[in-house]
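Me: I have a model open and would like to go through the labels people attach to it, asking what earns each one. Could you take me through the reasoning?

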Amino acid sequence: MVDLDQRLNDWKEFIAKRKEKDYFSDFGPPHYANFLPPVIKKNYGKWKYHEILKCGVLKHVAENGDAIYSVRAASPRLLSIYTLREFCDLADKYCDGFLRFTSRNNVEFLITDESNIDPLINDLKAMGFPVGGTHDATAGKYALSNMVHTQGWVHCHTPAIDASGIVKAVMDELFEYFEEMKLPALCRLALACCANMCGAVHASDISIVGIHRTPPLVDDDGVRRMCELPTTVASCPNAAIKAKPKEKTVEVNVEKCMFCGNCYTMCPGMPLFDPENDGAAIMVGGKLSNARHLPTLSKVVVPWIPNEPPRWPGVVDVVKKILETWASEARKHERLIEWAERIGWEKFFEKTGLEFTQHLIDDYRVTPYQYTSYRATTQFRW
Ligand code: SF4
Ligand code: SF4
């Protein structure tokens with residue numbers, strides 16, 4: 001059994017020793033045990049079961065009968081300090097200040113007094129934050145969780161699309177599936193704003209990926225002032241960049257370029273933004289779970305949709321169409337990849353109304369269980 005107090009003391013001792021030696025640093029997060037609600041700390045490693053009281057409300061019960069309730073709400077895409085303060089005020093009012101953020105951008109309020117659940121939900125709804133995103137696998141009822149996504153134009157340097165704006169537009173349209181558990185199985189949505197795929201797009205059921213479709217420009221003056229030639233040449237995974245040492249710049253072999261944007265990360269003198277040609281691809285069928293079916297990497301089903309800010313109607317329509325077709329056709333617990341493979345990919349395109357083109361022929365043959373280890377999944381045979 002984990003002795004949490006012992007681990008916390010060990011950590012405090014370790015920090016004290018580092019301070020003595022005068023090389024204390026504030027890098028890295030503080031120890032998580034400092035922030036656990038007392039009931040979780042008291043019952044650490046001794047939780048017995050959990051149940052879903054209603055969409056967005058979970059109850060965890062410990063061996064000794066102690067209980068903690070989590071109320072899950074969707075957080076907005078651009079999280080300002082003002083919104084965070086509002087969440088903290090609610091946490092102070094209803095749950096002794098304890099809340100947590102989930103890996104899919106939900107906020108969970110951790111409550112010990114059951115009578116606080118409904119007043120908290122009423123406050124959240126009055127402030128415009130929807131409550132939901134949970135699933136009850138035993139009952140076979142699933143809600144859509146919030147979307148995982150990357151930074152987009154707001155923060156990163158290589159995006160082909162926005163992130164927050166598209167996610168907001170998509171979730172506005174799929175709102176009802178967050179607030180009610182009416183899907184047949186889990187469905188994970190994700191967005192990455194370039195092919196570096198910081199978001200979990202390769203492992204989500206429906207994904208949006210920003211893609212560039214034209215090679216980087218070479219701004220000779222910018223390259224001279226800002227870039228180191230050997231690093232820039234080495235940054236290209238396809239060996240498409242050649243140094244021109246005399247001119248102190250580079251040239252790109254456009255035949256070899258796959259528009260990944262890696263060179264721009266190394267060299268700001270090689271921008272590859274193209275408002276006309278950048279856009280989004282749609283992928284489906286990724287999953288991490290070993291349940292019933294192997295973990296799978298998602299496949300492209302729509303190669304390109306143009307950037308259409310501020311509401312991206314093309315992307316929203318396709319995501320909604322795929323989700324609703326799967327939701328109306330799939331069996332209980334059947335993830336998108338399981339449904340598509342059961343009915344066949346031809347039928348998938350027929351039923352979703354998506355156009356099949358030569359860009360979608362799947363010649364990727366490295367499946368998770370053939371990759372580097374037979375242990376990549378629990379489902380393997382000798
Ligand atoms: Fe930046 Fe690409 Fe990651 Fe988006 S997916 S945050 S553009 S590296
Ligand atoms: Fe190479 Fe990618 Fe730059 Fe093209 S975009 S030149 S493939 S690093």
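Reply: Happily; what follows is a set of questions about labels, each answered by setting a value against its cut-off. One thing first: this is a predicted model.

Me: What makes up the protein in terms of helices and strands, and how big a box does it fill?

Reply: There are eleven helices and 14 strands. The C-alpha atoms fill a box of roughly 75 × 65 × 55 Å along the principal axes. The exposed surface comes to about 20,700 Å², and carbon and sulfur atoms supply 53% of that area. Buried residues account for 45% of the 382 residues.

Me: Why is Leu58 called buried?

Reply: Its relative accessibility is 10%, and buried means under 20%, so Leu58 earns the label. Leu58 sits in strand β2. Beyond its neighbours within four places in sequence, Leu58 is in contact with residues including His50, Ile52, Ile68, Tyr69, Arg72 and Thr134. Lys12, by contrast, is 46 residues from Leu58 in sequence and 32 Å from it in space, C-alpha to C-alpha.

Me: Why is Lys42 called exposed?

Reply: Lys42 has 52% relative accessibility, and exposed means over 50%, so Lys42 counts as exposed.

Me: How do you know that Lys42 and Asp66 form a salt bridge?

Reply: Their closest N and O atoms are 2.9 Å apart. The cut-off is 4 Å between a side-chain nitrogen of Lys or Arg and a carboxyl oxygen of Asp or Glu, so the pair qualifies. Lys42 belongs to helix α2 (residues 38-42) and Asp66 to the loop between β2 (57-62) and β3 (67-74), so the salt bridge ties together parts that are 24 residues apart in sequence. The structure holds 16 salt bridges.

Me: What makes Glu251 and Lys242 a salt bridge?

Reply: The N to O distance is 3.8 Å, and the cut-off is within 4 Å, so this pair also counts as a salt bridge. Glu251 is partly exposed at 34%, whereas Lys242 is exposed at 54%. In general, side chains of opposite charge can pair when their charged atoms come close.

Me: How do you know that Glu176 and Lys182 meet in a salt bridge, and why are both called partly exposed?

Reply: For the salt bridge, the N to O distance is 2.7 Å, which is within 4 Å. For the exposure, Glu176 has a relative accessible area of 33% and Lys182 has 37%. Partly exposed covers values between the buried limit of 20% and the exposed limit of 50%, so both residues take that label. Elsewhere, Arg72, Arg100 and Glu108 are linked in a network of salt bridges.

Me: What makes Asp3, Asp5, Asp10 and Glu13 a patch of negative charge?

Reply: These residues gather on the surface, and Asp and Glu count as negative. A patch takes residues with over 30% relative accessible area and no salt bridge, with like charges joined within 9 Å. Asp10 illustrates the area test: its value is 38%, so Asp10 passes the 30% limit. Asp10 lies in helix α1 (residues 4-20). Over the protein as a whole there are 46 positive and 49 negative side chains, and the centres of the two sets lie 5 Å apart.

Me: Which residues is Glu329 in contact with, and why is Glu329 called partly exposed?

Reply: Leaving aside neighbours within four places in sequence, Glu329 is in contact with Trp339, Arg342 and Lys351. Contact means heavy atoms within 4.5 Å. The C-alpha atoms of Glu329 and Trp339 are 8.0 Å apart. Glu329 lies in helix α9 (residues 313-329), and its 33% relative accessibility makes it partly exposed.

Me: What makes the backbone at Asp96, Met197 and Pro310 worth pointing out?

Reply: Most residues other than glycine have a negative phi, and most peptide bonds are trans. Asp96 has a positive phi near 50° and lies in the loop between α3 (81-94) and β4 (99-101). Met197 has a positive phi of about 55°, in the loop between β9 (189-192) and β10 (206-211). The bond joining Pro309 and Pro310 is cis, with omega about 10°, and Pro310 is in the loop between β14 (299-306) and α9.

Methods: Residues numbered from 1 in each chain as written. Chains lettered and ligands numbered in written order. Predicted model: local features only at pLDDT ≥ 70, side-chain atom pairs only at ≥ 80, totals over all residues. Heavy atoms only, no water. Helix = DSSP H or I, 4+ residues; strand = E, 2+ residues; numbered from the N terminus. Buried < 20%, exposed > 50% of the residue type's maximum accessible area, 1.4 Å probe, protein only. Areas by Shrake-Rupley, 256 points an atom, 1.4 Å probe, with all protein chains shown as cover. Charge placed at Lys NZ, Arg CZ, Asp CG, Glu CD. Patch = residues over 30% accessible without salt bridge, like charges linked within 9 Å, V, L, I, M, F, W, Y side chains within 5 Å.
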